[in-house]
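Here are my notes for you, point by point. Have the structure open while you read, and look up each residue as it comes along.

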Amino acid sequence: MLASISARSLTISSLFLSSSSPKYGRCKSRNLMSETESWNKTKARSMGLKVSNSSRKDDVQVGERLYLGMDFGTSGARFAIINKDGTILSEGKKEYPKFTTEESIDWLRSWKVTLFSLLEAVPVNLRPLIASISIDGTSATTIIIDSNSGEPLWRPFLYNESCPDALPVVKSIAPANHTVCSGTSTLCKLVSWWNIEGENRESALLLHQADWLLWLLHGKLGLSDYNNALKVGYDPELESYPPWLLSQPYSQLLPSVQAPGTSIGYLKEGIRTEFGFPKDCVVCTGTTDSIAAFLAARATEPGKAVTSLGSTLAIKLLSTSRIEDARFGVYSHRLDDKWLVGGASNTGGAVLRQIFTDEQLEKLSEHIDPMEVSPLDYYPLQVVGERFPVADPKMVPRLHPRPQSDVEYLHGILESIARIEAKGYSLLKDMGAAQVDEVFTAGGGAKNEKWTKIRERVLGLPVSRAIQTEAAYGAALLALKGAQAQHNEQ
């Protein structure tokens, strides 16, 4: 029998010993495809999916069990397979295919196709060894589904989507400056949907992106983890939803919450037989992408921080103090008996890719002197609106004036993003969090050595690339945690 675990029954730290808004629109009423539909590589290529897979088959020992983590970020998804020592045996990535409806991109179909193509990308010889699976997803990406059929009742509210119409209602019921008191919070998205939708309230259920993807694998509706549930109002310190939230009529939509890395159930038989996973492969609760990136870095002591430089910028600082203040977009995620304090900005790599290709970024960076201070003062954003270190839905992007030299322009953008990062850590200190003394970097931006030097100068701290930089690795650690807990309790 599968056993659920409390937040304290197995610490993640023990594993370290081996770190303008879219418009509203109803989803089309249809099935999203059977999970047993054939997901061959020819089909994957026809959908424009890019695969980068490396497998070290010779490292697998006879009888060894492996652990699969998947990361669903803002622009694509990755997987990592590790053994009990944390060694990576295989990893790969896929970009999201773009399925469009009359109104917008069909993200649910895109994510589901990507999920099963990642499973297909797992080397055949490793599949029978997979003991557990976990998934991370973007924070506050919200999906409203029918609790009976699992069909979507609305198109997803994306992570950076603001619902200012719901903010006054949320502020009237939540404590002052609570995490949910931000237009991008999951609770604001729930309230916004509730105020618009009148037909399907009684049967509706709220899931986060990771919850929904995991449900496709285990088949049990209504389960989440306390990292994803934070922005809908769950209190991870009390391990419950607060009374002010439970008294609301839409509280019936809230999922049950467990610790990240808790075993939920076995992988569905149809998926197991389709792909060749073992009968005892379990699916575990997940987390958010930025938390998974922190876990991947294996930063274990208060004062250690991880900046995730992906499509967006997210910072997390390990602290003994919990800090919450929606005025500044600051919130704390629980990590066993400590707190990951931080926030996520809308600046980041997605802005760079709007302007430069990957090849240009690499070549232009070679000519940057990271010890030279850039006089350019930008606030790089893709669209209007910022979350952290200033929660301002009306903040406009600032990427001008543009100098004639592309090297100078890139230098200015990189340094401006570094200043936003520095402002974030300074704000956390002022609010009572631990003093940051070292920063590890995860995400694609960690590969840019010139940017690392710029950030080190701006932050005045040692900055280095984490040994493991991908959130998928952190999700794999959660899968390992769940499998170990299950084994210990059997």
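**Notes on the model**

1. Let's begin with a polar pair: a polar side-chain atom of serine 132 sits 2.6 Å from the backbone oxygen of alanine 479. Keep in mind throughout that this is a predicted model. Serine 132 belongs to strand β5, which covers residues 130-137.

2. Is serine 132 buried or exposed? Its relative accessibility is 0%, so it counts as buried, the cut-off for that being under 20%. Apart from its neighbours within four places in sequence, serine 132 is in contact with Leu66, Tyr67, Leu68, Cys281, Val282, Cys284, Ala479, Leu480 and Ala483. Try one distance yourself as well: glycine 265 is 133 residues away from serine 132 in sequence, yet the two C-alpha atoms are 9.8 Å apart in space.

3. Next, go to threonine 312, in the loop between β13 (304-309) and β14 (313-319). Don't let the word "loop" fool you: threonine 312 counts as buried because its relative accessibility is 17%, and buried means under 20%. Which residues does threonine 312 touch, leaving aside neighbours within four places in sequence? They are Tyr159, Ser345, Asn346, Thr347, Gly348, Gly349 and Arg387.

4. Now for another loop residue, histidine 367, found between α10 (358-365) and α11 (406-430). Histidine 367 has a relative accessible area of 60%, so it is exposed; the cut-off here is over 50%. Not counting residues up to four places away in sequence, histidine 367 touches Val407 and Lys450. Glutamate 408 is 41 residues from histidine 367 in sequence, with 9.2 Å between their C-alpha atoms.

5. Helix α11 is a nice one for checking some arithmetic. How far should its 25 residues span at 1.5 Å a residue? The expected value is 36 Å, and the end C-alpha atoms are 36 Å apart, so the two agree. At the start of α11, a side-chain oxygen of serine 405 comes within 3.3 Å of the backbone nitrogen of valine 407. After α11 comes glycine 432, which has a positive phi, near 110 degrees.

6. On to the charged pairs: the whole structure holds 20 salt bridges. One of them joins the side chains of arginine 78 and glutamate 470, at 3.3 Å from N to O. This pair links distant parts of the chain, 392 residues apart: arginine 78 is in strand β3 (residues 76-82), while glutamate 470 is in the loop between β18 (463-465) and α13 (471-489). Arginine 78 is partly exposed, at 26% relative accessible area, whereas glutamate 470 is buried, at 18%.

7. Glutamate 239 and arginine 334 form another salt bridge, with their closest N and O atoms 3.1 Å apart. Here too, distant parts of the chain are linked: glutamate 239 lies in the loop between β8 (223-225) and α6 (243-246), and arginine 334 in strand β15 (residues 331-335), 95 residues apart. Glutamate 239 is partly exposed, with 36% relative accessible area, but arginine 334 counts as buried at 5%.

8. Last stop: glutamate 324 and arginine 322, whose side chains meet in a salt bridge (3.1 Å, N to O). Which residues are joined into one network by salt bridges that share partners? Asp235, Glu237, Arg322 and Glu324 are. Glutamate 324 counts as partly exposed at 25% relative accessibility, and arginine 322 counts as partly exposed at 27%.

Key:
Residues numbered from 1 in each chain as written. Predicted model: local features only at pLDDT ≥ 70, side-chain atom pairs only at ≥ 80, totals over all residues. Heavy atoms only, no water. Helix = DSSP H or I, 4+ residues; strand = E, 2+ residues; numbered from the N terminus. Buried < 20%, exposed > 50% of the residue type's maximum accessible area, 1.4 Å probe, protein only. Contact = heavy atoms within 4.5 Å. Expected span 1.5 Å × (residues − 1). Polar contact = N/O pair within 3.5 Å; in protein donor to acceptor, adjacent residues only side chain to side chain. Salt bridge = Lys/Arg side-chain N within 4 Å of Asp/Glu carboxyl O.
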